[in-house]
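Hi everyone, thanks for coming. I'd like to walk you through a structure that's new to most of you, so let's get it up on the screen.

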Amino acid sequence: MHSTVRAAVPADDARSIPEEWQTILRLCAGPGIAVAELAARLEMRLTPAAVLLAQLLEQGLIEHRPPMSDPDAMNIDFLRRIRSGLERA
Amino acid sequence: MNEPDTRAPDAVRDTYLPPVKILVAGGFGVGKTTAVGTVSEITPLRTEERLSAAGVGVDDLSGIEQKSATTVAMDFGRITLDVAVLMLFGTPGQERFWFMWDDLLRGALGAVVLVDTRRLDRSFAAVDFFESRDLPFVVAANCFHGEQDYDPEEIRDALTLREPSTPIVLFDARRRDSVRGVLLALMDHLIASAEPAHAQRT
Ligand SMILES: Nc1nc2c(ncn2[C@@H]2O[C@H](COP(=O)(O)OP(=O)(O)OP(=O)(O)O)[C@@H](O)[C@H]2O)c(=O)[nH]1
Ligand SMILES: [Mg+2]
């Protein structure tokens with residue numbers, strides 16, 4: 001739910017795939033969209049949406065990225081940059 | 001598909017920003033949905049999940065015929081920064097769904113635990129929950145009256161917070177600056193904990 005996904009191919013290049021999949025590719029053609037957000041936009045519950053996304057992942061149509069949460073793996077500079085970004089947001 | 005490298009549209013070429021997950025938790029009706037909505041750059045969304053009866057107390061299902069599953073909703077909002085995308089997850093407030101918080105905790109960088117100063121006694125459970133987990137959090141006291149009857153230290157005492165370094169912020173869930181201030185306090189807390197000086201003896 002908290003991973004983000006992103007289109008690995010442009011929706012226009014994948015005309016032969018089901019329409020529902022094309023919709024997903026369009027929704028995730030940005031800097032990444034959370035699975036929770038995608039599910040809400042598709043008006044699906046989380047689990048069925050995740051199952052659907054797994055199929056696209058398997059086909060290499062999307063890529064996914066888990067959230068950054070391990071403080072040890074995160075340097076303090078990154079935390080500071082989030083903070084200053086937030087201050088300007 | 002002759003030149004796949006040069007044909008990628010802007011959207012696909014864009015950097016894939018690292019996602020960062022922040023929980024907005026707290027008891028029933030403390031302002032979680034309001035807070036997520038106020039600070040989010042998108043209209044806040046509700047993500048639903050179906051839970052099997054196994055996770056829900058039997059009492060909750062008594063009297064519901066044929067119902068072996070229930071739907072629980074989380075709030076979702078986001079803030080896109082230049083270095084990351086903050087994903088805000090508002091937890092369900094009803095206590096019977098709290099078992100789900102452990103799932104929600106996974107992958108989170110930190111949490112904001114909202115409390116309502118009019119009903120501090122009803123905030124113990126939420127604060128307790130986070131004190132017994134590893135996740136760094138700040139306590140944000142929602143000013144329902146527009147002014148606070150308490151100051152942070154009184155709230156700290158009333159909540160019997162164990163960890164003296166846990167920040168307590170007063171805020172108004174309806175004001176964007178105010179909610180952002182809470183997130184900044186969380187970042188400060190995370191930064192302070194990550195700073196080498198944190199390990200110093202006093
Ligand atoms: N006066 C005032 N009212 C608030 C504030 N924050 C929330 N409210 C109101 O309090 C009520 C509950 O707020 P919600 O944001 O729905 O609370 P919640 O924590 O999401 O509630 P549950 O999801 O049901 O647990 C709503 O009617 C809000 O408009 C605040 O800072 N001041
Ligand atoms: Mg709510």
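**Around the ligand, then out to the helices**

Let's start with Asn142(B): one of its polar side-chain atoms sits 2.5 Å from an oxygen atom of ligand 1. Before I go on, please keep in mind that this is a predicted model.

Asn142(B) has company. Lys32(B) also puts a polar side-chain atom 2.7 Å from an oxygen atom of ligand 1. With Val30(B), it's the backbone that does the job: an N or O atom there lies 3.2 Å from an oxygen atom of the ligand. And how much of ligand 1 does the protein cover? On its own the ligand has 650 Å² of accessible area, and the protein covers 67% of that.

Now the wider shell. There are 15 residues around ligand 1, and the ones that come nearest are Gly29(B), Lys32(B), Thr33(B), Thr34(B) and Asn142(B). If you sort the shell by class, you get five nonpolar, seven polar and three charged residues. Which element gives the largest share? That's helix H3 of chain B, residues 32–39, with three residues.

So let's follow H3(B) away from the ligand. It packs with helix H8 of chain B, residues 176–194, at an angle of about 100°, and the axes are 9 Å apart. Because of that angle, H3(B) counts as roughly perpendicular to H8(B). On the H3(B) side you have Ala35(B), Thr38(B) and Val39(B), and they meet Arg176(B), Val179(B), Arg180(B) and Leu183(B) from H8(B). That contact has four nonpolar residues, one polar and two charged.

Last stop, chain A. Here helix H1, residues 19–27, packs with helix H3, residues 46–58, at about 85°, with axes 11 Å apart. That angle is why H1(A) is called roughly perpendicular to H3(A). Who's touching whom? From H1(A) we have Glu20(A), Trp21(A), Ile24(A) and Leu25(A), and from H3(A) it's Leu52(A), Leu53(A), Gln55(A) and Leu56(A). By class, this contact of H1(A) with H3(A) has six nonpolar residues, one polar and one charged.

That's my tour, thanks for listening.

Notes: Residues are numbered from 1 along each chain as its sequence is written. Chains are lettered from A and ligands numbered from 1 in the order in which they are written. This is a predicted model: local features need pLDDT of at least 70, side-chain atom pairs count only at pLDDT 80 or more; totals for chains, interfaces and linings use all residues. Side-chain values use heavy atoms; hydrogens and water are left out. A residue is near a molecule or strand if one of its heavy atoms lies within 4 Å of it. A polar contact is a pair of N or O atoms within 3.5 Å; within protein, one must be able to donate a hydrogen and the other to accept it, and residues adjacent in sequence count only if both atoms are side-chain atoms. Accessible areas come from the Shrake-Rupley method with a 1.4 Å probe; for residues, only the protein chains shown count as cover. Helices (H or I, at least four residues) and strands (E, at least two) are DSSP runs, numbered from the N terminus. Ala, Val, Leu, Ile, Met, Phe, Trp, Tyr, Cys and Pro count as nonpolar, Asp, Glu, Lys and Arg as charged, and the others, Gly among them, as polar. Axes are lines fitted to C-alpha atoms, for helices over the stretch in contact, and angles run from 0 to 180 degrees between N-to-C directions. Angles under 35 degrees count as roughly parallel, over 145 as roughly antiparallel, 65 to 115 as roughly perpendicular and the rest as oblique. Contact means heavy atoms within 4.5 Å.
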